[in-house]
Each structure stands twice: as C-alpha cells, then as structure tokens.
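I opened my notebook with a plain plan. I would look things up one at a time and write down what I found.

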Amino acid sequence: MDQARERRWKNAHREQARRSVREGRRRKRDFLAEMVGAGCVDCGDDRPGAVEYHHPNGKEKGQAPLTHLSWDRLSAETKKLIALCGACHGVRHYQEKINEA
C-alpha cells in the first residue's frame, strides 16, 4: 500500500481504532478487578474508580501502565498485585519510603 493510500485509510478508520483501544483497556480493567479485587484490602473501599493496583514488592513493577500490557503479561502481573484505594495506596508508598531511609 502506498503512503498516501495508507494515510487515507488510517484517517478514515481512526475513530474505529480508538474505540477498539478503549474497549480493550476497559476489558483489561474488568479483568484486573476480577483477578486482583475490586475493593481496597486495607479499608474495604469499593467505589468505582477508587481502586488502584499496588506492587507490594516494588522491584517487580514494570514501566508500562497495566492496561497497556499484553494479555499474557497482564495475567502474570495480577499475581504480584493488591488492590488499594488511592488514600491507602499513598500511605503504603509513604511507609515504604520511610522504611528505606
């Protein structure tokens, strides 16, 4: 396919590709909630959007956002995660910094 034709195809299908990416990331968030948990393990907060995922052993953490990982890699990562609300997640990181010093 020549470059001009490829560019026209991408422009014509851009929104379809964006919807596909958003849907894939939503499915991965649902998968995380099912495998790791949908509520904070410290305080029990289970409001939608409140849960973040924490690597208790920070050395095992990757650089990419979880929803950007392949399904195989995401599945492997779920074994290393715990669910925390934003407040408890911040407290955990603060405690980890204090303990390192």
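**Entry 1: Asp-42 and its partner**

I started with Asp-42. Its relative accessibility is 43%, so Asp-42 counts as partly exposed. I noted that this model is predicted.

Next I looked for a charged partner. Which side chain meets Asp-42 in a salt bridge? I found Arg-92, with a distance of 2.8 Å from N to O. Then I checked where the two residues sit. Asp-42 lies in the loop between H1 and strand S1 (51–54), and Arg-92 lies in helix H3 (residues 86–100). The two are 50 residues apart, so I wrote down that this pair links distant parts of the chain.

**Entry 2: Arg-92**

I stayed with Arg-92, in helix H3. Is Arg-92 buried or partly exposed? Its relative accessible area is 23%, and the cut-off for buried is under 20%. Arg-92 therefore counts as partly exposed.

I then listed what Arg-92 touches, leaving out residues up to four places away in sequence. The list reads Val-41, Asp-42, His-54, Ile-82 and Leu-84. Asp-42 is thus both a contact and the salt-bridge partner.

I also took one distance. Val-36 is 56 residues from Arg-92 along the chain, and their C-alpha atoms are separated by 17 Å.

**Entry 3: Asp-45**

I moved on to another acidic residue in the loop between H1 and S1, Asp-45. Is Asp-45 buried or exposed? Asp-45 is buried, because its relative accessible area is 16%, and buried means under 20%. Asp-42, at 43%, is partly exposed.

What does Asp-45 touch, not counting residues up to four places away in sequence? I wrote down Ala-38, Gly-39, Cys-40, Ala-50, Val-51 and Cys-85.

**Entry 4: Charges along helix H1**

I turned to Glu-15. The side chains of Glu-15 and Arg-22 meet in a salt bridge, at 3.1 Å from N to O. Glu-15 also forms a salt bridge with Arg-18, where the closest N and O atoms are 4.0 Å apart.

How far apart are Glu-15 and Arg-18 in sequence? They are three residues apart, about one turn of the helix, and both lie in helix H1.

I checked how open each residue is. Glu-15 has 37% relative accessibility and counts as partly exposed. Arg-18 is at 45% and also counts as partly exposed. Arg-22 is partly exposed too, with a relative accessible area of 47%.

I put the bridges into context. A search of the whole structure finds eight of them. I have noted some here, including the one between Asp-42 and Arg-92.

**Entry 5: Two more places on helix H1**

Arg-8 is found in helix H1, which covers residues 3–35. Arg-8 counts as exposed because its relative accessibility is 54%, and exposed means over 50%.

I took a distance along the helix side of the chain's start. Arg-8 and Lys-28 are 20 residues apart along the chain, and their C-alpha atoms are separated by 30 Å.

Gly-24 is in helix H1 as well. Is Gly-24 buried or exposed? At 15% relative accessibility, Gly-24 counts as buried. I paired Gly-24 with Thr-67, which is 43 residues away along the chain. Their C-alpha atoms are separated by 8.2 Å.

**Entry 6: Stepping back to the whole chain**

I finished with the overall picture. How many helices and strands does the protein chain have? There are three helices and two strands. From the N terminus on, they run α-β-α-β-α.

I looked at the overall size. The radius of gyration is 18 Å, whereas a compact globule of 101 residues would have one near 13 Å. The C-alpha atoms fill a box of roughly 55 × 30 × 20 Å along the principal axes.

I noted burial and surface. Of the 101 residues, 25% count as buried. The accessible surface comes to about 7,600 Å², and 50% of it belongs to carbon and sulfur atoms.

I checked contacts between residues at least 6 apart in sequence. Of these, 73% join residues at least 24 apart.

Last, I looked up the charges. The chain has 21 positive and 15 negative side chains. The centres of the two sets lie 8 Å apart.

How values were computed. Residues are numbered from 1 along each chain as its sequence is written. This is a predicted model: local features need pLDDT of at least 70, side-chain atom pairs count only at pLDDT 80 or more; totals for chains, interfaces and linings use all residues. Side-chain values use heavy atoms; hydrogens and water are left out. Helices (H or I, at least four residues) and strands (E, at least two) are DSSP runs, numbered from the N terminus. The radius of gyration is taken over C-alpha atoms; the globule rule is 2.2 Å times the number of residues to the power 0.38. Buried means under 20% relative accessible area, exposed over 50%, partly exposed in between (1.4 Å probe, protein chains only). Contact means heavy atoms within 4.5 Å. Accessible areas come from the Shrake-Rupley method with a 1.4 Å probe; for residues, only the protein chains shown count as cover. Lys and Arg count as positive and Asp and Glu as negative; His and the chain ends are not counted. The place of a charge is taken as NZ of Lys, CZ of Arg, CG of Asp or CD of Glu.
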